[in-house]
Amino acid sequence: MATTSLLDTQWIWHPHWVDHAQDSAGAFVHFRKHFSLQQSPGEPIRLQITADTKYRLYVNRHLVHTGPVKGDEHIWFYDETDIQPFLQSGENTIAIHVLRLYHGTQYATSFPRMAFPGLFVRMSDGIGPEGLRLESDDTWLTALDLSRKLRIDQNEDDFLHIYEVVNNDSNNHLEWVAARCLNLPKSHGIGPPWMLSPRMVPWPKITRVRIKDVQKIQSSLPAEAWKGLFMRSDGGPGLVLPAGSSHHIELQADHHLTAYLRFYFQRPRAAGSRLSIRYSECYEDTPASVPYLRCKGDRCDQTKQLLGPEDIYFFSGESGADAAVALQYTKDPTSEEVFSPFHFRTFRFITLSIQVSPDSELVMTGLDVDMTHYPLEVTGAVNGTDPIYTKLWDTSIRTLTNCMHDCYEDCPFYEQLQYAMDVRSSCIFTYAASGDDRMARQAIIQLHSSYRADLGLIASRSPASQLQIIPHFSLFWILTVLDHFEYFGDVSFTRQFLPVADGILEAFNRRINVDLGLVSSETPFWDFVDWTNEWRPMGIPPAASSSGYQTFTNMLFAHTMQRLSEFLVPIGRPGLAGELKARAESILTAVRQHCRVGDIFTDGLASVANYSEDFSQHIQIWAVLSGAVSGDTARDLLKSCLPVLQGQGVDLSSSILPDQRPGPAQSIKFTQPSQAMSFYLFRALSAVEGSLYDDAFHDMWQPWRDQLSQNLTTWCEDDVTRRSDCHAWSCAPLYELVAEVAGVKPAEPGSTSLLFKPRTRLFPHFEGRVPLTGILAPGTAHVRWSLEGGNAIAVSLTLETKMAPDGVPIHVMFPDGHEEVHVGLSLEFKF
């Protein structure tokens, strides 16, 4: 919430701004303030800053920070940074470059913005040394940046619209005027549209990296010259590109990454040269549909093409030097011309196309690639006997961090949106890798803020500039809240979300048909389940429309109510637990009655099921997770539908009587889940106990192995659209290797006790580090085992934490099924 001191600070903007254009998703504005200091400050100068929509802060030609964290009408974040290291005695200049995305357009869905723009600056202490005041007011100068447009003409970009066309001929004569104070209301409960809050996540991590290779060069200059420029640490003396020449170069990074880029050139004598930069995830064949349906194989196959969105930069030459000096965004604007895209770029490959003006040569002097992502401190680790699992772990870490910037993102290349279903997986994977919950807390809050009381649902993604509703994602959000409580045990944090959770459950309850007792599929919204070939194009089982019901909806609804009921007592709200259990069981009773043929569950109503398309592994998985089946029946159900478990003598299709068969006698074909839904398949295998999880474990990773064989360095979104090559919901190895293989999980909320169930059958030797959460954080659980003489396995668990010096109860599950409870920090056993 905004405080009085924040409200007392003015927002400013350019007085002649127009918030729309026909050919751009937004525009840019320059701000600057000059001041003099008799001596360089010796104490911190804390500057608080935000803007709608994004800003870059420069102090004396040093880029200090880019922000703010993505917000919306519910929470708008501001940054606080110390600018003292950049100040000097004598003259000083603070320059701010602001990107404003136009309000009320279909463009740039990933970036919310308010109805009008603004810049906010203040010093947290009010007045600095020598009476220095830096708050936003009409003493700031501002100029419209006419040089840049945000492209809306690229089929490859359907969400971001942050790619630029820069023509500095339009910026050679900047018109600086006094900024206008917006004079927004700030009393009687009325305030600015930006509900200010300090950032909730830490500053991003920035790492300078080099280009791995330069290839497919079409240039009059030798290949070694280009390689020296991009691959040597010093960059070399620069490359002289002759006047009138053309050059095509393809750059390969070490792996898929997100980075800020700066292309350096000596300032040419004449204007007119052109630099085009295309960003690509891989080499690929011509897509079936741009950008959604791709044709990809070996990602490094140079016989194919690089496709993707582009930036275009037109050089201004010597005529643009005065404007560059006035802006003070570069160290030496008179002698160098630099192009730096405002927002980070996502790529593995970059195509540079350079057309040099016939009027003067162009000298390229270097490229900075500053990899950026959330500063995830990875404390988890695994070391088994098979090196493939180290690759699975490392690739998952890279994928996850690529999808973490100022919020969780589904895919950094295409959307950069925080979807609720994706967030649940990303949070769990983050806990497994690091025990860090800062971004998780922010995501839970941002999705909670999107709740629509009239619908009883949250937005499927938030923050975002366009509302989208996927009803199932509201249930996944509830599960995310409960996962956080399980790991961290924060009662006060969790309780605030219970009213919205109850509202969501009531929204699904209102859709129950009183005759069948099932939640119907009658909804105006997108009832997405999973990306599969059989459920194209919308990811919805055909049974939803043919029968009017989705078994998945009902099972997910029941599972969510069951899981919430388990935590209501420790949260301090026990009264609702019994009701939720009863409502869940009522749903499952109806599912067993109406959505099952023999022992196999159908995707919709069994009475109208299509034998060839209405059976999926998804529904058998959720039958287990929801408790629709249990024990031997659950194990047999999974054996019947999973290819990796078949051949074990179970064929439930034979249990379907002839009069029950919804079609001609034939074997049942089960729709298989994507990698995103495979996480829940692992959960089902674990839930049924017995040996199924271990039996399936090594074979289950074949889709991930296939990706490594195709030279991916991050996990793809799915194998149906093959759109994104980096999608965090596919990072299941992180959880499986620490929570299931190493076997350390919270036994009670906040890790007040632990469960230790190592899967020693999977590896003859194993070492793992598991991040500890809750009352044990910060800390690490060290798990080791190895074969000894005979069949004995020596197992040890050591808790490295200062937060519980006497240890906590540890529930040790032995291979024969018996449980022992020990208290301490170090345990050793023979299995």
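**S197, a five-stranded sheet and helix α9**

Visitor: Which residues does S197 touch, not counting those up to four places away in sequence?
Guide: S197 touches I75, W76, F77 and Y78, a contact being heavy atoms within 4.5 Å. This is a predicted model, so local features need pLDDT of at least 70 and side-chain atom pairs count only at pLDDT 80 or more, while totals for chains, interfaces and linings use all residues. Residues are numbered from 1 along each chain as its sequence is written, and side-chain values use heavy atoms, without hydrogens and water.

Visitor: Is S197 buried or exposed?
Guide: Buried, because its relative accessible area is 15% and the cut-off is under 20% (exposed is over 50%, partly exposed in between; 1.4 Å probe, protein chains only).

Visitor: And where does S197 sit?
Guide: In strand β14, which covers residues 196-198. Strands (E, at least two residues) and helices (H or I, at least four) are DSSP runs, numbered from the N terminus.

Visitor: Let's switch to the open sheet with five strands. What's its strand order?
Guide: The order is β27-β34-β35-β36-β39, with antiparallel pairing. Two strands pair if DSSP finds at least two bridges between them.

Visitor: Why is one side of β27 and of β39 left without a neighbour in the sheet?
Guide: Both stand at the edges, β27 at 381-384 and β39 at 826-830, and each has a single partner strand, so one side of each has no neighbour there. On average, neighbouring strands in this sheet are turned by 10 degrees against each other, direction ignored.

Visitor: How many bridges join β34 and β35?
Guide: Seven, in the antiparallel sense, between β34 (residues 765-771) and β35 (residues 779-787). For V770, the bridge partner in β35 is A781.

Visitor: Which strands does helix α18 lie across?
Guide: Helix α18, residues 732-741, lies across β27, β34 and β35, and runs at about 105 degrees to β34. Axes are lines fitted to C-alpha atoms, for helices over the stretch in contact, and angles run from 0 to 180 degrees between N-to-C directions.

Visitor: New topic, α9. How many residues does that helix have, and what's its reach?
Guide: Helix α9 (residues 498-509) has 12 residues and spans 16 Å from first C-alpha to last, close to the expected 16 Å. The expected span is 1.5 Å times one less than the number of residues.

Visitor: Which residues of α9 are buried?
Guide: They are L498, V500, A501, G503, I504, L505, A507 and F508.
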